[in-house]
Every structure is written in structure tokens, then in C-alpha cells.
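Welcome! Take a look at the model below, and then let's walk through it together with some questions and answers.

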Amino acid sequence: MAVKTQLICPSGPQIAVDGGNYQWESIEMILKVATSHRDSLERSYESSIQIVHRETGGFPFIYFLRNDVQNALIQRIATDICSGRTPLLNVESFLTCEKQAIKVFITEARPQETVITCISDIHKSSQADGYVIYLLRALLVYRILILTLSRRWNVQYCLHHPLRDPVAVPYLAKSIPSRLAEWGYVDVSLLFTCLSFYYQGLSPQQLKQSLEQDDLKGLSHTNSEVLTYLLQDPNREYSLAGWRDNSHGQAVYRRMTEPELLGKLCHERIRVLIDSGESLLEMTNVTLAKIWLDIDTEATAAVFFDGENKAMILTRSGRKIPLLASPFADDLSGCLVYLDESHTRATDISSHLWFGAH
């Protein structure tokens with residue numbers, strides 16, 4: 001990595017960023033919160049910030065002239081997050097002391113040891129919340145958000161070279177992208193990519209890539225059929241995937257760990273897990289299937305999708321075989337079935353009506 005510019009020339013295969021969609025969605029939400037304060041900051045710090053509103057609308061150009069407005073923006077973002085004004089953190093599930101610790105952790109460079117311990121405990125109980133908190137610290141405390149907002153679009157960064165993937169890259173000069181270099185930090189790259197799309201929108205080729213829904217009149221009756229299915233007796237109840245914590249004298253509902261959730265499914269004799277909300281992120285599909293088999297000792301095998309989108313069977317002996325080549329292909333009555341978020345649609349797996357699903 002170049003020390004001055006923090007750029008790299010990458011090589012090798014591409015891999016998904018840590019946190020997956022969480023990182024993209026969190027960064028997009030932070031940018032949304034930041035721009036929501038632009039008018040009030042411009043009124044309160046008129047000598048410290050200049051905002052250029054574009055005639056066509058969209059994300060404005062922001063120029064920081066002094067540090068005081070940068071600090072004010074960071075404090076306002078932190079206040080919004082810790083007050084529950086954004087969906088980044090479910091602050092209602094935190095104790096007052098935990099909320100205070102989170103705000104200190106995402107705004108102060110050197111928090112006290114008690115604050116660090118509190119954040120570590122939150123991360124242990126919910127890796128998703130912990131991941132967002134650590135990401136917020138990187139963006140706010142280490143000024144990554146301020147850094148990216150201060151750079152000039154189409155001069156210092158913009159979208160890719162025509163022969164590269166649609167990710168923001170450093171620019172050598174106005175409208176001249178670097179052919180090989182990339183940003184050394186993923187958070188910086190994602191922020192610049194989001195800002196680039198906000199500023200320039202989609203190209204004609206990328207509109208072509210968008211999907212349009214074209215409803216068929218012959219299938220219009222399926223809307224009411226779905227409602228009929230939802231109103232059936234098995235779908236008229238729900239179970240909270242959390243537990244009540246009274247240890248601090250205040251009732252707070254905590255998110256279950258993934259093994260705890262699998263244990264709850266076993267207790268309620270539910271053997272089909274449809275993760276449409278992408279809430280299970282801490283384990284791979286095969287790891288989840290293995291742990292679920294360890295918990296539900298009556299199940300004979302588990303069905304999951306591997307990295308190549310193939311339906312696989314995991315037997316109790318640990319053997320992995322394609323579903324269609326297994327003796328369970330026509331009868332899943334004794335199997336656990338896990339559908340991750342990407343396979344909750346357009347997936348056809350036969351099952352018995354007595355199955356319970358979560």
C-alpha cells in the first residue's frame with residue numbers, strides 16, 4: 001500500500017466484503033443521515049461549510065471549510081443513531097448505559113476501558129450489532145466519512161474504467177481514472193462508490209440491467225391465493241426469536257444467538273428454516289446444518305445450499321451429497337431444511353404439509 005495515497009494495485013480473485021449487505025446498507029444509511037443535516041449545518045455554520053445544490057436534484061456537493069462543522073456533523077449523526085432515528089441499531093433493546101457507551105465509542109478516539117468492555121459484550125451477544133458499531137467507529141472517529149465527503153468527484157475519484165467493475169477508483173486527474181490502483185480500505189471504496197452513483201446516476205447500459213415487473217393478467221388471482229395461504233391456521237401465530245433479560249433491573253429483550261434459535265426451533269418441532277430476512281450471518285450454510293443436526297437429534301439429515309447454489313444433503317456421518325442423488329430426494333419428512341435468503345425465492349423443494357417453518 002502506498003503510504004501517502006493509501007492506494008493498492010490488487011491481484012488475485014475477488015471476494016465478498018466482510019459483512020456483505022450490512023456494510024453497504026450501513027454506509028448508505030450514514031450518507032442519508034449526513035445529507036439530512038445539510039441545511040441546518042449551513043445555517044448554523046455558514047462560514048464553515050459550503051453546499052452546492054445541483055439543478056437536477058440529488059446528492060449535493062459538500063465543501064468543509066473548517067473543522068467545527070465536521071465535529072458537529074459527527075455528533076449529530078451519532079445522536080440520531082443512539083436516539084433510534086435510524087434502523088442501523090435497534091436501540092430499544094439496549095440499556096441506557098449501553099446506549100451511552102455506544103455514543104462514546106463512535107465519537108471519542110480514546111474511550112475508557114469500561115466502554116470498550118461494554119461494546120465487546122454487545123458484540124458477543126449480537127455480532128450484527130457489534131459489526132455496525134465498529135463500522136460506525138471507523139466512519140466517524142477516524143473521519144473516513146469526512147475524508148470521502150471532502151474529496152472531489154470526477155477529479156479525485158469516480159466510477160470505474162470502462163473495462164473494470166463498477167466500483168469507484170482513484171482518478172489521476174479530471175476524467176482520467178487510474179487503470180490499476182484501488183483504494184486500500186474497503187470502507188473508503190464503498191463510500192466513494194455510493195457517492196459516485198449518487199452524483200452521476202446510472203448509465204444507459206445499467207438501466208438495461210434493471211429489472212421491471214410485468215404482471216401477467218392470467219396470474220392476477222395468485223395475489224388473493226397468497227393471502228389465503230397466509231390466513232391459514234398454522235400462519236396465525238408467531239414466536240419471538242429473543243429472550244427476556246432482567247439482570248440489570250430493567251426488562252430488555254435480547255437477540256438470540258444462532259445456536260439458541262436452532263434450539264428453539266427444535267423445541268417447537270420446526271424443521272424448515274426460511275431465512276428471508278437474512279438474519280443468520282454468523283455461520284455458513286453447511287456449518288448451520290451441522291449444528292442444527294447436533295441439536296435436533298431426531299432428524300436424519302439436513303438440506304442446505306452450497307456455494308455453487310446446489311441443494312445438498314448433510315448426513316449425520318458428515319457426508320455431503322447432492323440432494324437429487326440422495327435417498328431423501330423424494331422424501332424429506334425426516335430432514336431439516338435450511339433456505340438462506342438468496343434461495344427463498346424460485347426454489348422448489350417438495351415437503352410434507354406437517355412441516356413447521358420459521
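## Getting to know the fold

Tyr 171 has its bridge partner in E6, and that partner is Pro 177. Keep in mind as you read that this is a predicted model.

Q: How many helices and strands are there in the protein?
A: The protein has 358 residues, of which 39% count as buried. Its secondary structure comes to 12 helices and 14 strands.

Q: What share of the contacts with a separation of 6 or more comes from residues 24 or more positions apart?
A: Contact here means heavy atoms within 4.5 Å. Among contacts with a separation of 6 or more, the part from residues 24 or more positions apart is 56%.

Q: How much of the area that the protein exposes do carbon and sulfur atoms supply?
A: The protein exposes about 21,800 Å². The part supplied by carbon and sulfur atoms is 52%.

Q: What is the order of the open sheet of 3 strands?
A: Strand E4 (residues 157-158) and strand E5 (residues 169-173) run antiparallel and are joined by 2 bridges. E5 is also joined by 2 bridges to strand E6 (residues 176-177), again in the antiparallel sense. The order is therefore E4-E5-E6.

Q: Which are the edge strands of that sheet?
A: The sheet has the order E4-E5-E6. An edge strand pairs on one side only, and here these are E4 and E6.

Q: Which residue in E6 is the bridge partner of Ala 173?
A: E5 covers residues 169-173 and pairs with both E4 and E6. Towards E4, Cys 158 has Val 169 as its bridge partner. Towards E6, the bridge partner of Ala 173 is Ile 176.

Q: What is the order of the open sheet of 5 strands?
A: This sheet has mixed pairing. Its edge strands, each pairing on one side only, are E10 (272-274) and E13 (320-322). From one strand to the next the twist averages 20°. The full order is E10-E14-E11-E12-E13.

Q: Which residue in E12 is the bridge partner of Phe 304?
A: Strand E11 (residues 301-305) pairs with strand E12 (residues 311-315) over 5 bridges, in the antiparallel sense. For Phe 304, the bridge partner in E12 is Met 312.

Q: At about what angle to E11 does helix H12 run?
A: Helix H12 (residues 285-295) lies across E10, E11, E12, E13 and strand E14 (335-339). Relative to E11, helix H12 runs at about 165°.

Q: Is His 37 buried or exposed?
A: His 37 is found in the loop between helix H1 (21-36) and helix H2 (38-44). Leaving aside neighbours within four places in sequence, His 37 is in contact with Leu 73, Arg 76 and Asp 80. Its relative accessibility is 13%, and the cut-off for buried is under 20%. His 37 therefore counts as buried.

Q: Which residues make the nonpolar surface patch of about 250 Å²?
A: One member, Leu 65, has its place in the loop between strand E3 (61-64) and helix H3 (67-82). Leu 65 is exposed, because its relative accessible area is 53% and the cut-off is over 50%. The patch is made by Val 52, Tyr 63 and Leu 65.

Q: Which residue meets Arg 38 in a salt bridge?
A: Side chains of opposite charge can pair when their charged atoms come close. Arg 38 is partly exposed at 25% relative accessible area, and its partner is partly exposed at 37%. The N to O distance is 4.0 Å, and the partner is Asp 39.

Q: Which of Lys 310 and Glu 308 is exposed, and which is partly exposed?
A: The side chains of these two residues meet in a salt bridge at 3.6 Å, N to O. At 47% relative accessibility, Lys 310 counts as partly exposed. With a relative accessible area of 59%, the exposed one is Glu 308.

Q: Which residues are linked in a network of salt bridges?
A: A search of the whole structure finds 8 salt bridges. One of them joins Glu 268 and Lys 264 at 3.6 Å, N to O. The residues linked in a network are Arg 269, Arg 271, Asp 296 and Glu 298.

Technical notes. Residues numbered from 1 in each chain as written. Predicted model: local features only at pLDDT ≥ 70, side-chain atom pairs only at ≥ 80, totals over all residues. Heavy atoms only, no water. Helix = DSSP H or I, 4+ residues; strand = E, 2+ residues; numbered from the N terminus. Axes fitted to C-alpha atoms, helices over the stretch in contact; angles between N-to-C directions. Patch = residues over 30% accessible without salt bridge, like charges linked within 9 Å, V, L, I, M, F, W, Y side chains within 5 Å. Areas by Shrake-Rupley, 256 points an atom, 1.4 Å probe, with all protein chains shown as cover. Buried < 20%, exposed > 50% of the residue type's maximum accessible area, 1.4 Å probe, protein only.
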